[in-house]
Amino acid sequence: MPVELVPVTPLAHCAAREPLREPQPRKMNKLCRQVSIESPGLAGRDCVFSFDIPVPDVPANGARIRVVCAGACYRPRRSPSQTSLTSVSSTGSLLSQDVSQEGDLPVNLPHYGVRDAALFPGYEVAGTVESLGSEIKENCGYAVGDRVILYPYDGVPNGYAEYMVVHDLKYLIKIPDSMELSVAAMLPTGALLAMNTVFAAHEHVQALLAERGDNSVCKILIVGTGGLALWAMRIAAYHFSNMKNRVTITIASLKDDGLMMAKEFKRVNVVQWNEDLYEKQLIERTMDACQGLVDVVIDFGTTSRSLHRSLQCLGKGGVVFVIREVADRLLPKFSRRAEERQQSIKPVDPGSLQQLEELVQLVASGQIEPPPHTVYPAEEAFDVVQKLCHSEIQGRAILRFYPTD
Amino acid sequence: MAVNGSKRNIREACKDLVLSDEQLKLVMQRLTEEINKGLSKATHDEAVVKCFTTYVQDLPNGTEKGKFLALDLGGTNFRVLLITLDGNNFDMKSKIYAIPQSLMLGTGKQLFDHIAQCLALFITDLGLDDVILPLGFTFSFPLTQLGLTKGKLVRWTKGFNCSGVVGEDVVALLEEAIARRNDVKIDVCAILNDTTGTLMSCAWKNRNCRIGLIVGTGSNACYVEKTSNVQCVNHESGNYDKPNMLINTEWGAFGEGGVLDFILTEYDHDIDNNSINPRRQIFEKMISGMYMGELTRLVLEKLATDGLLFGGKCPNGLRQRGKFFTKYVSEIESDAKGKYGNCRQVLAELGIRNAVDQDCENVRYVCSVVSRRAAHLSSAGIATLLNKMGEDNVTVGIDGSVYRFHPHFHDLMTEKIGHLQSHKFDLMLSEDGSGRGAALVAAVASRDR
């Protein structure tokens with residue numbers, strides 16, 4: 001029985017506009033549409049908003065971008081209660097600790113798709129340069145019509161608008177003609193975050209293999225088959241390709257759709273984390289698939305249940321990498337337990353501008369293959385978020401603001 | 001007073017789920033009748049507890065030696081195992097393979113080709129391509145067994161619905177899939193269900209084991225019957241003249257004729273009506289892990305809607321069918337007395353924040369009522385078999401996720417079986433029954449070849 005949804009009706013476009021008058025054209029901006037995706041709440045209600053906003057003025061030293069494609073990500077809501085709670089240990093608790101009165105979940109219930117990282121926090125825009133600022137010199141390296149993506153710096157707007165401005169051209173990265181903008185739109189958060197996670201894991205793996213000596217094997221578990229995990233799998237396959245016999249990768253799939261996808265990689269094991277199975281069964285099956293405890297977990301799940309599972313699959317001295325947003329929320333609950341088992345929980349931040357530039361080249365050259373994605377009209381953002389919340393979209397979902405590149 | 005009133009109301013609301021010993025003994029009486037119907041040739045066809053002949057007449061005796069394969073198909077994952085036996089020594093290698101939802105609902109050929117592919121991968125990885133390996137096939141679905149190596153699927157359960165398999169010999173389907181590959185050499189020596197495997201695995205360790213029980217995704221039991229009482233034997237498939245025969249009761253179907261209606265609740269009817277197989281597997285739906293979580297959710301939803309839980313506001317998470325997992329029941333009941341850490345974690349996952357202690361206590365009570373009923377009905381079944389066998393010092397080998405992971409199930413069963421019958425017995429977790437047991441059946445079958 002499906003949950004009843006109460007869709008948010010987008011504001012109607014203003015039917016009657018004042019005619020433009022000659023004396024005021026510089027003060028009367030045209031309107032354009034903005035779609036905002038907030039942290040998904042219950043059944044995705046009240047998390048997708050559509051507004052008409054003025055087309056922003058071009059900054060003198062920046063540019064205005066006409067947005068063509070945007071990755072379906074949500075903007076994390078700044079919760080006033082960021083303070084960590086004191087945990088009290090309790091014997092007999094399978095989930096290791098009591099947290100009295102307050103859960104450790106996001107302010108709103110995380111949906112299956114959020115647990116799976118099919119929908120994750122971020123900002124992903126690909127489009128064309130529509131205007132350059134008045135102070136921009138001709139030799140700046142950019143021209144009107146260039147296809148670009150935007151590195152998600154601190155000042156990005158809260159939603160995806162048809163037009164947006166960037167105050168510093170350094171945050172624009174040109175996209176080669178061979179790459180579709182819908183693929184490019186996946187890079188700024190999903191691929192970049194996955195890449196930075198793999199980089200962090202890579203450093204740890206190298207240190208581990210050096211310490212253990214020749215013929216040793218390092219085991220990596222990637223949790224989830226949402227967009228982040230799919231990128232991580234591909235990026236890991238690329239980065240560990242020169243250690244192919246010494247690194248094993250296992251995907252803990254939360255959906256059976258991911259199984260066939262993950263099988264694309266011959267060297268990847270797959271274990272299904274069916275939510276309806278007992279935790280101990282899942283651990284047993286993961287141990288079987290990984291042939292014992294693993295050394296590194298890349299966990300894009302967002303719940304303490306997922307992190308708890310990851311820690312149980314992790315050997316002594318192991319490291320689990322989690323998204324910064326998740327780490328900030330769950331570390332108070334898990335840090336003592338991890339310490340007892342000499343395990344580390346490391347938050348991973350979004351990657352750097354330089355990493356994003358490198359990523360563009362790797363994907364454009366075909367060295368890293370993007371995960372499957374589906375393009376939807378931006379008008380369908382609400383429906384797209386519903387599907388993502390229930391992990392019904394294979395790979396990534398991309399919103400398109402214009403019919404063609 | 002409000003708290004006490006609330007507690008009393010919760011208990012009153014749950015009273016239909018609490019079974020008295022009188023009710024349980026009536027269950028036992030009716031199960032005995034159904035078992036006798038199933039064993040008798042004259043009434044077998046009309047019986048709902050089919051008591052299928054397994055054609056397994058020997059238990060392990062410690063002389064088994066060699067390498068044996070097992071294939072364990074009983075759910076959304078299946079396992080392939082290689083077991084090396086040498087007297088009392090035992091070595092095992094195994095691998096788990098997933099069955100995607102698309103194959104669970106696809107064609108039988110697709111399913112068996114997938115299984116054969118995984119078998120071949122496993123054997124090739126072990127470098128045993130050229131060795132003839134006896135295989136025991138644990139097939140945990142209702143089966144009409146016509147011989148040790150011949151079994152026709154009666155119907156699919158546990159969410160499976162592959163086409164072209166019902167009514168077919170699943171050993172032939174497997175053998176055909178293996179033959180289509182023409183790479184590995186496998187000799188299918190036996191087909192059995194997980195209860196038979198559970199009994200065999202336990203019997204290898206404990207020679208007193210005579211009953212196998214599964215309480216997991218599904219529920220079923222098998223036991224050692226005198227061959228003279230087994231009238232439904234297909235003698236065309238071989239001579240079955242030894243004194244004992246394992247009987248696969250298929251007791252999950254108990255109640256299909258309405259003989260359990262006197263204890264069915266509105267929640268049981270809801271579960272049945274919304275199941276993949278309405279009016280089937282009634283006993284199983286009251287016991288097994290496939291349904292326990294949902295049964296609990298239905299009770300909680302009603303209590304919340306009736307204003308007895310969560311301040312009368314039923315959260316959306318509690319309204320969604322299939323989202324209260326059976327493991328939640330075990331996790332909630334694993335909380336120490338007066339502690340609600342697991343309970344709050346589960347409730348948070350359902351969208352219920354800041355539950356007060358009394359709500360947590362009430363949720364735990366509901367979980368305990370549902371799981372206790374399951375344990376007591378399982379106990380009634382075992383007591384029935386113990387009475388029928390009429391022996392002392394019988395060990396019951398048990399497997400299945402509910403038995404393994406619920407914190408109180410073993411103790412609840414031990415106590416209740418003692419109340420319901422007077423023979424001495426023991427309950428023993430059967431380690432790796434569905435895998436090792438199948439290999440042991442193959443080993444015992446090979447012993448006699």
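**Entry 1: strands 9 and 10 of chain B**

I began with strand 9 (residues 209–215) of chain B and strand 10 of chain B, and I noted that they pair in the antiparallel sense over five bridges. I wrote beside this that the model is a predicted one. Looking for how the chain passes between these two strands, I found a hairpin of three residues that joins strand 9 of chain B to strand 10 of chain B. For one of the bridges I looked up the partners by name, and B:Leu213 has B:Ala221, in strand 10 of chain B, as its bridge partner.

**Entry 2: the other neighbour of strand 10**

Which strand besides strand 9 pairs with strand 10 of chain B? I found strand 11 (residues 244–248) of chain B, which pairs with strand 10 of chain B in the antiparallel sense over five bridges. Here I picked out B:Lys226, which stands opposite B:Asn244 in strand 11 of chain B. I then checked how well strand 10 (residues 219–226) of chain B is covered, and seven of its eight residues turn out to be buried.

**Entry 3: helix 15 of chain B**

I compared the length of helix 15 (residues 409–420) of chain B with what its twelve residues should give: at 1.5 Å a residue the expected span is 16 Å, and the end C-alpha atoms are 16 Å apart, which agrees. Which residues of this helix are buried? I listed B:Phe409, B:Leu412, B:Met413, B:Lys416, B:Ile417 and B:Leu420 as the buried residues of helix 15 of chain B. Seen down the axis of helix 15 of chain B, these buried residues fall within an arc of 120 degrees, so they line one face of the helix. I reminded myself that an α-helix has 3.6 residues a turn, so residues three or four places apart point the same way. As for what covers the buried residues of helix 15 of chain B, I noted among others strand 9, helix 2 (21–39) and helix 13 (357–389) of chain B.

**Entry 4: a sheet in chain A**

Turning to chain A, I traced an open sheet of six strands with parallel pairing, in the order 13-12-11-14-15-16. Why does one side of strand 13 (268–272) and of strand 16 (344–348) of chain A have no neighbour in the sheet? Both strands stand at the edges and each has a single partner strand, so one side of each is left without a neighbour. Neighbouring strands of this sheet are turned by 20 degrees against each other on average, direction ignored. At one edge I looked up the pairing of strand 12 (residues 247–253) of chain A with strand 13 of chain A, which run parallel and are joined by five bridges. One bridge partner I noted is A:Val268 in strand 13 of chain A, which belongs to A:Ile249.

**Entry 5: helices across this sheet**

I found that helix 4 (residues 227–239) of chain A lies across strands that include strand 11 (218–223) and strand 12 of chain A, and that helix 4 runs at about 155 degrees to strand 11 of chain A. Helix 7 (residues 304–313) of chain A lies across strand 11, strand 14 (294–299), strand 15 and strand 16 of chain A, and runs at about 150 degrees to strand 15 of chain A.

**Entry 6: the chains as wholes**

I closed with totals, and for chain B I counted 16 helices and 13 strands, with 61% of its 449 residues buried. Chain A has ten helices and 18 strands, and 56% of its 405 residues are buried.

Conventions: Residues are numbered from 1 along each chain as its sequence is written. Chains are lettered from A and ligands numbered from 1 in the order in which they are written. This is a predicted model: local features need pLDDT of at least 70, side-chain atom pairs count only at pLDDT 80 or more; totals for chains, interfaces and linings use all residues. Side-chain values use heavy atoms; hydrogens and water are left out. Buried means under 20% relative accessible area, exposed over 50%, partly exposed in between (1.4 Å probe, protein chains only). Helices (H or I, at least four residues) and strands (E, at least two) are DSSP runs, numbered from the N terminus. Two strands pair if DSSP finds at least two bridges between them. Axes are lines fitted to C-alpha atoms, for helices over the stretch in contact, and angles run from 0 to 180 degrees between N-to-C directions. Contact means heavy atoms within 4.5 Å. The expected span of a helix is 1.5 Å times one less than its number of residues. The arc is that of the directions from the helix axis to the C-beta atoms.
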